[in-house]
Amino acid sequence: MKAFLLIFSLLAISVQLAGQQVDVLPRGKEGIYKAEFNIRGTKINGFLAVKHKKNNALHVSFISPMGNNLLEIQWENGKWKKVYAIDKLGGRHIFGMMAEEILLLFAHYQYDDKFVDLGNEWTWNKKTLLPVFENDNLASVKIIGKRHRPSKTVNYERGEQDIEKLSINHQGFAFSIILEPLMKK
Amino acid sequence: MATLTTFYKLVSEESTESGFNLNIELNKEHEVYEGHFPGKPVAPGAALTQMVLDEAMRLTNGEKRMTEFRQIKFLSVIDPTQVNKLKLNFDFKERNGTEMFVCIGSAGETNYFKLNGIFG
């Protein structure tokens with residue numbers, strides 16, 4: 001019986017290693033991205049520094065091209081904590097939207113207790129997420145919210161190994177975020 | 001231990017990369033349909049859930065303890081007189097240190113239910 005369990009455990013581990021890769025930024029890693037936020041036609045450019053801490057907290061800093069800190073937030077245990085935000089980004093609606101978009105872009109919702117994996121369909125935060133995998137890597141996720149709300153799609157463009165571009169686009173609403181990594185993870 | 005011994009019959013089983021595919025046959029003569037519902041049989045969600053639980057326990061050799069179903073979605077009504085052959089796709093995985101499984105019940109192109117179970 002123990003031998004069977006050991007084999008089953010080893011099989012499960014090998015399956016996990018060989019299986020579908022959902023993490024965009026693995027635990028303990030950080031990435032710096034050239035970022036473009038398009039909020040209702042207003043474009044804000046800068047750099048986004050993101051660290052996936054070992055306790056699964058996500059620390060995010062958005063810095064202007066001149067090096068000014070525009071936004072600094074941290075997600076931990078299902079909640080966002082605002083460390084700093086300029087007035088334009090600190091408004092409740094924009095802040096809430098951006099915070100959610102960042103979780104969606106980095107597929108970090110999978111670390112939230114509200115995330116449920118139903119195989120070819122995921123649910124999170126009253127939303128249905130439809131993932132598409134290519135070669136066991138996450139290629140896109142379509143997010144469907146409440147009825148009559150427009151959906152949005154997260155796309156991951158990959159090079160030979162790493163992600164070269166992450167973007168989120170809203171259907172019928174002028175809001176998009178495009179991230180391009182500046183350094184390798 | 002199986003608790004719904006005559007509700008369904010396991011026809012075949014094959015292992016996949018991350019789990020198992022089971023082919024089962026629902027017993028359309030089961031007594032549960034006398035009340036659920038008279039003259040209009042519909043496979044009860046509770047019985048389908050119990051079936052998935054029983055199979056999950058059997059597939060893990062009864063060594064794992066399931067603590068909760070995180071989510072259960074019934075997508076279409078199962079009339080056992082129309083649809084009595086179901087495919088159960090069990091996908092066992094570990095996510096963020098939590099052992100879980102996803103079970104999708106389907107027939108042909110139609111998905112009838114999806115469950116996410118958590119092992120404690």
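How do the residues of the lining of the second largest pocket divide into nonpolar, polar and charged? Hold that thought while I set the scene.

This is a predicted model, so to speak of local features we need pLDDT of at least 70, side-chain atom pairs count only at pLDDT 80 or more, and totals for chains, interfaces and linings use all residues. Residues are numbered from 1 along each chain as its sequence is written, chains are lettered from A and ligands numbered from 1 in the order in which they are written, and side-chain values use heavy atoms, with hydrogens and water left out.

Confidence next. The mean pLDDT (the predictor's confidence in each residue, from 0 to 100) of chain A is 85, and 88% of its residues reach 70 or more. Over residues 1-18 of chain A, though, pLDDT is below 50, and that stretch has 12 contacts in the model beyond near neighbours in sequence; contact means heavy atoms within 4.5 Å. Where pLDDT is low, don't read the predicted coordinates in detail.

Now the fold. Chain A has three helices and 12 strands, taken as DSSP runs numbered from the N terminus (helices H or I, at least four residues; strands E, at least two). An open sheet of 12 strands runs β5-β4-β3-β2-β1-β12-β11-β10-β9-β8-β7-β6 in chain A, with antiparallel pairing; two strands pair if DSSP finds at least two bridges between them. β5 (79-85) and β6 (116-117) of chain A sit at the edges with a single partner strand each, so one side of each has no neighbour in the sheet. Further in, three bridges join β7 (residues 122-124) to β8 (residues 127-134) of chain A, and T123(A) stands opposite T128(A) in β8(A).

Buried residues (under 20% relative accessible area, with a 1.4 Å probe and protein chains only) make up 42% of the 185 residues in chain A. One example is A57(A), at 0%, which is in the loop between β2 (42-52) and β3 (58-63) of chain A. Not counting residues up to four places away in sequence, A57(A) touches K51(A), H52(A), Q74(A), W75(A), E76(A) and H108(A).

Back to the opening question. The lining divides into nine nonpolar, seven polar and nine charged residues; Ala, Val, Leu, Ile, Met, Phe, Trp, Tyr, Cys and Pro count as nonpolar, Asp, Glu, Lys and Arg as charged, and the others, Gly among them, as polar. Helix α3 (residues 92-105) of chain A gives the most to that lining, with seven residues.

Technical notes:
Buried < 20%, exposed > 50% of the residue type's maximum accessible area, 1.4 Å probe, protein only.
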